[in-house]
Amino acid sequence: RFDAFRAKLETPVTVIVQGEVGHSPEVALVDPTAVRLLFSAQSLAGEHRYAEELALLDRADAAQRDTNAVKYWVTSWTLRGYAYAVGGRAAEGEEFAERALAEDRSDVLARQVLALAQAKQGQFAEAFAHLDTLAIIAPDDTTTMALRAQLEQRSSMRAMPVRPSVVPRAR
């Protein structure tokens with residue numbers, strides 16, 4: 001069972017069989033090493049260690065041979081998109097999030113990453129359109145709600161005229 005493997009990643013496993021509903025073929029083989037590295041990369045993101053995360057994702061992707069493992073690739077591209085978006089390369093983050101969404105239009109995290117990457121580039125209308133879609137497909141998602149609040153604050157600050165807090169004296 002995958003839950004047991006995820007709870008104890010050192011569990012010896014030869015292959016992970018992944019269901020791919022709506023795709024052909026409907027089953028993919030995922031390399032356990034790739035999944036272990038994917039989970040390790042995900043934990044580095046939580047620690048804001050994006051360069052290391054990207055290096056682990058490179059290793060994970062190299063280990064994953066079955067190109068039909070859609071869920072694996074969507075997860076990898078989404079994590080990579082997030083690392084790029086928050087690491088100062090938002091355009092690349094947007095590309096990876098769009099790639100993930102092209103494979104799975106209902107992936108909540110990929111759409112959140114896409115909205116974040118677009119907002120980081122000042123594309124607030126596009127970002128809010130994705131958040132509106134998320135409000136429909138995952139109405140109770142607290143991460144989406146928090147991201148919307150964060151982006152609303154950023155977009156309103158951007159629209160405000162910049163005023164210095166102290167007016168310099170004329171000489």
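In the predicted model, helix α2 passes helix α3 in a left-handed crossing. The two helices, which comprise residues 32-46 for α2 and residues 50-63 for α3, pack at an angle of about 170 degrees, and their axes lie 8 Å apart. Because angles over 145 degrees count as roughly antiparallel, α2 is described as roughly antiparallel to α3. On the α2 side, the contact is formed by Thr 33, Ala 34, Leu 37, Leu 38, Ser 40, Ala 41, Leu 44 and Ala 45, and on the α3 side by Tyr 50, Glu 52, Glu 53, Leu 56, Leu 57, Arg 59, Ala 60 and Ala 63. By residue class, the contact of α2 with α3 consists of eleven nonpolar, two polar and three charged residues.

Strand β1 (residues 16-19) shows an alternation of side chains, in which Ile 16 and Gln 18 point to one face and are buried, whereas Val 17 and Gly 19 point to the other face and are not buried. Strand β1 pairs with strand β2 (residues 27-30) in the antiparallel sense, over four bridges, and within this pairing Leu 29 of β2 is the bridge partner of Val 17.

In the chain as a whole, eight helices and two strands are present, and from the N terminus on these elements follow the order α-β-β-α-α-α-α-α-α-α. The C-alpha trace spans about 75 × 35 × 25 Å along its principal axes, and 39% of the 171 residues count as buried. Among contacts between residues at least 6 apart in sequence, 51% join residues at least 24 apart.

Terms used. Residues are numbered from 1 along each chain as its sequence is written. This is a predicted model: local features need pLDDT of at least 70, side-chain atom pairs count only at pLDDT 80 or more; totals for chains, interfaces and linings use all residues. Side-chain values use heavy atoms; hydrogens and water are left out. Axes are lines fitted to C-alpha atoms, for helices over the stretch in contact, and angles run from 0 to 180 degrees between N-to-C directions. Angles under 35 degrees count as roughly parallel, over 145 as roughly antiparallel, 65 to 115 as roughly perpendicular and the rest as oblique. A crossing is left-handed if the near helix is turned anticlockwise from the far one by less than a right angle, and right-handed if clockwise. Contact means heavy atoms within 4.5 Å. Ala, Val, Leu, Ile, Met, Phe, Trp, Tyr, Cys and Pro count as nonpolar, Asp, Glu, Lys and Arg as charged, and the others, Gly among them, as polar. Buried means under 20% relative accessible area, exposed over 50%, partly exposed in between (1.4 Å probe, protein chains only). Two strands pair if DSSP finds at least two bridges between them.
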